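Me: I keep running into labels like "buried" and "salt bridge" and want to see the reasoning behind them. Can we go through a few?

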Number of protein chains: 2
Amino acid sequence: MAYSSGNHAQGVALAASRHGLPCVILMPADAPAVKIANTRAYGAEVMLYDRATEDRDAIGAELAAARGLALVKPFDDAQVIAGQGTVGLEIASQAAEAGISAASVLTCCGGGGLTAGIALALEARAPQLSVRPCEPAGFDDTARSLISGKRERNAATTGSICDAIVTPSPGEITFPILHRLCGPGLVVTDDEACRAVALAFHHLRIVLEPGGAVALAAALFRPDLPDTVICTASGGNVDAGLFTDILTRFGA
Amino acid sequence: MAYSSGNHAQGVALAASRHGLPCVILMPADAPAVKIANTRAYGAEVMLYDRATEDRDAIGAELAAARGLALVKPFDDAQVIAGQGTVGLEIASQAAEAGISAASVLTCCGGGGLTAGIALALEARAPQLSVRPCEPAGFDDTARSLISGKRERNAATTGSICDAIVTPSPGEITFPILHRLCGPGLVVTDDEACRAVALAFHHLRIVLEPGGAVALAAALFRPDLPDTVICTASGGNVDAGLFTDILTRFGA
């Protein structure tokens with residue numbers, strides 16, 4: 001099994017290990033060391049690539065063909081979207097329990113797998129909730145695509161502290177779903193994402209990576225949001241060094 | 001309402017604020033700054049005392065009498081024990097769901113409120129699970145009391161990084177429950193508690209204070225435990241400075 005990078009690498013590695021299948025994970029060379037180590041700890045072979053100069057889809061396709069592996073893409077895969085959509089089922093159920101009749105659901109959005117899955121689940125179970133994808137400034141391909149109606153690309157492929165959710169553009173499968181069900185997008189700065197990481201440490205007692213905190217950052221720092229906000233916190237793969245640096249700079 | 005210190009101060013302050021009641025919280029002067037700040041943020045008046053030289057029960061009783069307040073003790077209170085016992089209900093329910101027929105339930109134990117509550121809940125709902133209180137080395141009053149059959153005291157009142165769960169001795173109400181249902185106790189060093197904090201950061205993505213990580217530390221570092229271990233993680237009131245220090249020293 002081969003897999004292209006991303007926040008979900010550990011999930012694929014774990015699934016392969018549970019099923020006794022060999023697993024190759026293709027990760028950016030600048031991924032957090034903890035993510036690489038944890039993925040290897042699940043028994044996966046980790047291959048690194050340079051996300052500034054190499055195309056992971058091309059590498060993944062070539063590797064899958066050469067070694068007879070099934071390729072599981074990180075977001076442009078119907079089953080991945082469906083799996084991430086279970087978050088939307090949980091949101092719908094908890095919102096009903098809390099008596100929330102209308103709200104904005106903020107998602108941390110990279111290629112749009114999680115966002116599309118949540119949007120599909122809410123369309124079926126809680127259509128009164130609207131999904132607003134959140135992205136780091138400078139990498140707001142989804143926000144711009146939702147405005148233009150076509151898949152826009154980011155100018156750069158790296159350069160945000162929220163690298164885990166930086167992708168070149170919305171997916172082929174995810175974008176039509178996003179376009180039909182989501183928006184408008186929200187954008188936060190790297191500093192706002194870091195302040196959300198520090199706030200989650202102090203008040204929620206959970207560990208978030210900056211890319212997993214952009215929705216919380218939008219909830220905190222975009223004052224034009226409606227009253228009721230539901231927020232996803234979607235990743236904690238952050239090295240101790242970066243985390244302590246964020247707490248030192250933003251945690252007072 | 002007055003309240004003597006501890007990890008539960010914020011809960012009492014929140015409850016008072018929800019009910020529109022005035023609230024005085026009595027906390028050790030060496031409590032984490034974040035805990036003091038969060039308690040004040042709930043609208044409570046925070047009074048500090050020196051836990052090395054002053055007796056919080058005496059201060060609390062005097063203050064309650066002078067100002068006409070109801071005193072809510074941190075563990076020696078039947079309703080506090082019952083409230084914390086809901087953790088035991090959750091454990092019983094999740095253990096049944098997971099098909100666990102026998103296990104050791106490790107608890108972070110100070111005065112024994114949480115431990116007694118869990119033990120009572122499991123006695124009713126999952127009597128095949130046994131409760132083992134975990135404490136920091138040098139402050140193992142409960143472990144020694146379970147051996148001797150009477151309430152032993154610690155030689156010192158401060159001096160562990162797990163200060164949040166350091167109490168002089170098991171409670172009057174809690175100890176008979178602990179003696180009937182729990183043991184033997186487990187003891188971990190401060191370094192082991194810190195390693196558990198770092199491991200929880202890296203692998204569980206939750207923020208624990210050292211005192212809330214002693215059960216996890218016992219699960220990790222006491223190799224004589226039976227196969228199935230259920231572990232409570234019971235507090236995350238840790239300042240950014242201490243947390244980054246722990247990650248720096250133990251988080252590699």
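Reply: Sure. Exposed means over 50% relative accessible area, buried means under 20%, and partly exposed is in between. Keep in mind that this is a predicted model.

Me: Why is A:Arg180 called exposed?

Reply: A:Arg180 has a relative accessible area of 52%, and the cut-off for exposed is over 50%, so A:Arg180 counts as exposed.

Me: What makes A:Glu123 and A:Arg180 a salt bridge?

Reply: Their closest N and O atoms are 2.6 Å apart, and the rule asks for a side-chain nitrogen of Lys or Arg within 4 Å of a carboxyl oxygen of Asp or Glu. A:Glu123 sits in helix H6 of chain A and A:Arg180 in helix H8, 57 residues apart.

Me: And why is A:Glu123 called partly exposed?

Reply: Its relative accessibility is 36%, in between the 20% and 50% limits, so A:Glu123 is partly exposed.

Me: How do you know whether A:Asp140 is buried or exposed?

Reply: A:Asp140 comes out at 18%; buried means under 20%, so A:Asp140 is buried. Its salt-bridge partner is A:Arg144, at 3.0 Å from N to O. A:Arg144, at 29%, is partly exposed.

Me: What about B:Glu192 and B:Arg222: why does their salt bridge tie together parts that are apart in sequence?

Reply: B:Glu192 lies in helix H9 of chain B and B:Arg222 in the loop between helix H10 and strand S8, so the pair ties together parts 30 residues apart. The closest N and O atoms are 2.7 Å apart, and B:Glu192 is buried at 14%.

Note on methods
Residues numbered from 1 in each chain as written. Chains lettered and ligands numbered in written order. Predicted model: local features only at pLDDT ≥ 70, side-chain atom pairs only at ≥ 80, totals over all residues. Heavy atoms only, no water. Helix = DSSP H or I, 4+ residues; strand = E, 2+ residues; numbered from the N terminus. Buried < 20%, exposed > 50% of the residue type's maximum accessible area, 1.4 Å probe, protein only.
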